[in-house]
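Trainee: Before we look at the model, could you show me how to read its features one by one? I would like the general idea and then the case at hand.

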Amino acid sequence: MSAIDHAHTIDDLRLRARRRLPRPIFDYLDGGADEEWSLGRNVTAFSDYEIVPDVLTDVSSIRTATTVFGQPAAWPLMLSATGLTRMFHGAAEPAVARAAAAQGLPYCLSTMGTTRLEDLAATVPVPMLFQVYVFKDRGLTREFVSRCREAGYAGLCLTVDTPVAGNRLRDRRSGLSLPPRLTARSLLDFALHPGWSIPALTGDRFDLANVSHRTDALATNPMSLFDFIGRQFDPGLTWRDVEWLASEWNGPLAIKGLMTPEDATRAIGSGASGVILSNHGGRQLDGAPAPIDQVAAVRDALGDGPDVICDGGVRRGSDIVKAVALGATACSIGRPYLYGLAAAGEAGVARALAILRDEFERTLALAGVPAIQSLSRRHIRHRPQVGARLRIGQ
Ligand SMILES: Cc1cc2nc3c(=O)[nH]c(=O)nc-3n(C[C@H](O)[C@H](O)[C@H](O)COP(=O)(O)O)c2cc1C
């Protein structure tokens with residue numbers, strides 16, 4: 001049994017990540033926007049639902065397989081796009097992709113990732129998704145479409161909840177620079193976390209690998225590539241741009257970052273094959289509702305066909321059972337696998353997925369549900385917990 005096997009919950013992995021990372025890096029991973037209300041609400045909203053069990057059903061074998069955006073998933077989970085992954089562990093995106101593939105789960109690489117999309121596709125020969133933005137420079141987005149097609153990506157995921165950057169107060173207060181730099185202020189923190197600092201300072205260069213060919217300025221000024229990307233976000237984006245991207249790509253397309261039945265219907269009408277209900281893990285609009293609370297209304301509006309993914313706040317396998325019972329095709333996660341990565345590289349990601357899978361299957365067995373297809377709203381009851389305490393930020 002390795003040390004990471006002594007982590008028994010996602011919260012255990014979070015504590016290990018907090019110990020291993022310098023504080024500004026941990027805060028970048030863990031934090032949210034403004035007062036972090038949505039970040040906390042994403043998690044606590046799951047506690048407002050009870051699972052109503054059946055008994056004496058044969059649960060000696062449980063069928064969990066499904067498909068997500070046309071790709072097989074051994075159980076209803078997807079690993080969401082997260083940028084700057086190398087900052088948390090040198091093993092970076094290939095470690096995440098390998099651990100996901102080992103569990104038979106889809107992984108979505110971020111535009112802001114630190115591994116070239118072509119290199120990742122060559123490392124892990126299973127279908128993956130790529131997360132894009134429609135940048136001001138439409139040529140850059142068009143370039144991603146053709147690179148993804150060439151490299152064999154199975155689908156695109158368009159993130160639409162970033163018309164402007166969210167207000168991440170932890171990062172403002174820590175003065176985090178991207179990529180992280182040794183300054184008088186950070187020196188002590190880095191020195192106290194050699195398990196992170198030594199590989200970070202001696203390992204592969206930190207790079208936004210998929211966009212860095214657009215500027216070589218990173219070598220001379222660490223902020224400039226990020227400035228470049230920041231300037232590329234287009235606050236003028238509309239549904240017409242979704243239609244444009246859908247016709248350019250002409251394959252499975254998820255719209256990530258919407259919340260309402262109206263927008264979900266519009267997304268499908270604009271050429272998307274599914275929607276990812278998300279508030280960016282509470283990192284953008286603080287005060288936005290929790291995705292789990294939107295699942296039922298969106299599923300009712302879309303009917304049975306399109307994929308509906310519940311993204312954000314999942315910290316237990318039982319959360320996935322609740323989302324699927326309400327009508328989600330699957331859930332997706334960001335921080336849970338990043339905590340694992342930061343704690344122990346690929347083994348840590350594998351541990352995070354194993355914890356969630358184990359909890360998910362045990363919950364199904366205890367609920368008397370032998371196949372996820374039999375999960376329904378009959379198994380779930382909404383019971384808001386008055387005065388529920390936030391579990392984050394301790
Ligand atoms: C460190 C970090 C980086 C992220 N980077 C991206 C990104 O590049 N693109 C994107 O669409 N979402 C990004 N997200 C949001 C995730 O895709 C996902 O929506 C969110 O993490 C889900 O919430 P959870 O962390 O509670 O699971 C990021 C999230 C985190 C924590």
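**Reading the sheet, the core and the ligand shell**

Mentor: Start with a pair of strands: β5 and β6 pair in the parallel sense over three bridges. The bridge partner of Cys-108 in β6 is Leu-129. Keep in mind that this is a predicted model.

Trainee: In what order do the eight strands of the open sheet run?

Mentor: A sheet is read strand by strand across its width. Here the order is β4-β11-β10-β9-β8-β7-β6-β5, and the pairing is parallel. The edges are β4 (77-79) and β5 (108-110), each of which pairs on one side only. On average, neighbouring strands of this sheet are turned by 25° against each other, direction ignored.

Trainee: Over how many bridges do β7 and β8 pair?

Mentor: Strands β7 (residues 155-159) and β8 (residues 253-258) share four bridges, in the parallel sense. Leu-158 stands opposite Ile-255 in β8. Moving on one strand, β8 and β9 also pair in the parallel sense over four bridges, and there Ile-255 stands opposite Val-275 in β9.

Trainee: Which helix lies across β7 and β8?

Mentor: That is helix α11 (residues 239-249), which runs at about 155° to β8.

Trainee: On the two faces of β9, are the residues buried or exposed?

Mentor: To read a strand, take its two sides separately. Gly-274 and Ile-276 lie on one side of β9, Val-275 and Leu-277 on the other, and all are buried. Strand β6 (residues 129-132) reads likewise: Leu-129 and Gln-131 point one way, Phe-130 and Val-132 the other way, and all are buried.

Trainee: Which residues touch the most other members of the largest nonpolar core?

Mentor: The general idea is that nonpolar side chains tend to be buried together in soluble globular proteins. In this case the largest nonpolar core has 112 residues, and Phe-130 and Val-275 touch the most other members. Helix α15 gives the most to this core, with 15 residues. Leaving out residues up to four places away in sequence, Phe-130 touches Cys-108, Leu-109, Leu-117, Phe-144, Cys-148, Tyr-153 and Leu-156.

Trainee: Why is Ala-342 called buried?

Mentor: Burial is a matter of counting, with 20 or more other C-beta atoms within 10 Å as the cut-off. Ala-342 is buried because 28 other C-beta atoms lie within 10 Å. Ala-342 is found in helix α15. Its C-alpha is 5.2 Å from that of Ala-17, although the two are 325 residues apart in sequence. Among the residues that Ala-342 touches beyond four places in sequence are Ala-17, Leu-21 and Phe-88.

Trainee: Where is Gln-284 found?

Mentor: Gln-284 is in the loop between β9 (274-277) and α13 (295-302). The same count applies: Gln-284 is buried, with 23 other C-beta atoms within 10 Å. Its C-alpha is separated by 7.1 Å from that of Asp-161, 123 residues apart along the chain. Apart from neighbours within four places in sequence, Gln-284 is in contact with Ala-33, Asp-161, Thr-162, Gly-166 and Asn-279.

Trainee: Which residues come nearest to the ligand?

Mentor: For a ligand, list the surrounding residues, then sort them. There are 24 residues around it, and Ser-80, Gly-83, Gly-281, Gly-334 and Arg-335 come nearest. By class, the shell has seven nonpolar, 13 polar and four charged residues. Helix α15 (residues 335-366) gives the most to this shell, with three residues.

How values were computed: Residues are numbered from 1 along each chain as its sequence is written. This is a predicted model: local features need pLDDT of at least 70, side-chain atom pairs count only at pLDDT 80 or more; totals for chains, interfaces and linings use all residues. A residue is near a molecule or strand if its C-beta atom, placed from the backbone, lies within 6 Å of it. Ala, Val, Leu, Ile, Met, Phe, Trp, Tyr, Cys and Pro count as nonpolar, Asp, Glu, Lys and Arg as charged, and the others, Gly among them, as polar. Two strands pair if DSSP finds at least two bridges between them. Axes are lines fitted to C-alpha atoms, for helices over the stretch in contact, and angles run from 0 to 180 degrees between N-to-C directions. Two residues are in contact if their C-beta atoms, placed from the backbone, lie within 7 Å. A residue is buried if 20 or more other C-beta atoms lie within 10 Å of its own, exposed if 12 or fewer, and partly exposed in between; C-beta atoms are placed from the backbone. A nonpolar core is a set of buried Ala, Val, Leu, Ile, Met, Phe, Trp, Tyr and Cys residues joined through C-beta atoms within 7 Å.
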